[in-house]
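Q: I should like to learn how to read an interface between two protein chains. Where does one begin?

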Amino acid sequence: MSACKDREQDPRIEGIASSIRVVPNFPKPGIMFQDITTLLLDPKAFKNTVDLFVERYTGKDITVVAGIEARGFIFGPPIALAIGAKFIPLRKPRKLPGEVISEEYVLEYGTDCLQMHIGAVQPGDRALVVDDLIATGGTLCAAIKLLERAGAEVVECACVIELPELKGRERLNGKPLYILVESR
Amino acid sequence: MPSPLSIIFQAPSSPRLPSFFLPVFSPPPPNPVLRPRFVSLKAMASEDGKDHRLARISSSIRVIPDFPKPGIMFQDITTLLLDHKAFRDTIDIFVERYREKNISIVAGIEARGFIFGPPIALAIGAKFVPMRKPKKLPGEVISEEYALEYGTDKMEMHVGAVQPGDRALVIDDLIATGGTLCAAVRLIERAGAEVVECACVIELPELKGRERLGDRPVFVLVKG
């Protein structure tokens, strides 16, 4: 786990990186799972994580923070509250009541689907997409598409962790990505 | 009559009708035996000028009929999350209640407890512990089974997240039958910690969730 090059100056990053636990062979053999629950058990590391995002996005006229179910629900709302934005949950199928729009995306085997409420986002909204981690970028890509279909501008994607070898950055329709730690 | 959806999603500066004034379906037949089927969300009794915050919180919650199945009036908090002031006030009320109570753990129940729990944990300096559906948490977990209307489900918590001596809150958006809250409480108590209180935005009192939690305190902001 290494701090990103242009953020090595910030003394908070080291504590955040070291609070993340790697669990081997989860959910299946060969996968080194980046477990942020240990970050959440460290109030200082969790606060620093949120603060770093809030400092970046305060004063940027962000009106929407969209969080991807379920770990995006942990990081997104504190950011939304601090910067005065709406929080929008992006969910697996059949969780959101009422009218939704859906975006399908590809998995290793098969496909999955992400949904957003109709009316949650309007043309003119400036949105962030937040998740704990970017791997292949498939879910983030689906999230960007949902927000753009509703007429919002996706300003940036923000994740705690990136797995750079999976090249998720290239799948974001040219949208910028901001992350705190890389895992190789 | 505009649909409830269009009124709830108005720009914040427009006047907003409280949701309990909006009929969400056609009026019930004139049979005195049938209970009224619309849900009116009553704000809790006021304490120290909290009235104005609770009224806005209450009116920001949208009721969706027949979700996830016919007969259920679903309390949708996503509209509360779209109202920054209402969301902010919701968190503030919980934080004011718990900040001086030496709470070391805020446990949030997947998935809507993940939205309300972390802001509270951050504000009061507590650890946040996610309580999850099976096979989501990596590493060692303990499990608690609980009853559904048909069949059972399971809730899991990480081994080591909670220690003896910890003082915990359990957070979810809503208490209905109390089944999931009860499972969460059991997991925390099995780990040796004390559950100080369960806190939810909404309670459906007719489903008697409080009874299922025995003498453990439950704090809510609005009742349906």
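The dialogue below treats the interface first and a helix afterwards.

A: One begins by noting that this is a predicted model. The next step is to list the residues in contact, and here chain A contributes 38 residues and chain B 36 residues.

Q: How much area is buried between chain A and chain B?

A: The area buried between the two chains is about 2900 Å², and carbon and sulfur atoms give 72% of this area. On the side of chain A, A:L41, A:L81 and A:P97 supply 22% of the area buried against chain B, more than any other three residues.

Q: How many salt bridges and polar contacts are counted across the interface?

A: The count of salt bridges between chain A and chain B is 0. Polar contact, by contrast, is found for 8 residue pairs, with both residues at pLDDT 80 or more.

Q: Which elements of chain A give two or more residues to the side that touches chain B?

A: They are the strands β2 (21–24), β3 (32–35) and β5 (86–90), together with the helices α2 (37–40), α3 (43–57) and α4 (72–83) of chain A. The largest share, 6 residues, comes from α4(A). By residue class, this side of chain A divides into 23 nonpolar, 10 charged and 5 polar residues.

Q: How is a single helix to be read, taking α4 of chain B as the case?

A: One compares its span with the expected value. Helix α4(B), residues 84–98, has 15 residues and reaches 21 Å from first to last C-alpha, close to the 21 Å expected at 1.5 Å a residue. Burial is read next: the buried residues of α4(B) include B:F87, B:D89, B:I91, B:F94 and B:Y98.

Notes:
Residues numbered from 1 in each chain as written. Chains lettered and ligands numbered in written order. Predicted model: local features only at pLDDT ≥ 70, side-chain atom pairs only at ≥ 80, totals over all residues. Heavy atoms only, no water. Contact = heavy atoms within 4.5 Å. Buried area = accessible area lost by both parts, 1.4 Å probe. Salt bridge = Lys/Arg side-chain N within 4 Å of Asp/Glu carboxyl O. Polar contact = N/O pair within 3.5 Å; in protein donor to acceptor, adjacent residues only side chain to side chain. Helix = DSSP H or I, 4+ residues; strand = E, 2+ residues; numbered from the N terminus. Nonpolar A, V, L, I, M, F, W, Y, C, P; charged D, E, K, R; others polar. Expected span 1.5 Å × (residues − 1). Buried < 20%, exposed > 50% of the residue type's maximum accessible area, 1.4 Å probe, protein only.
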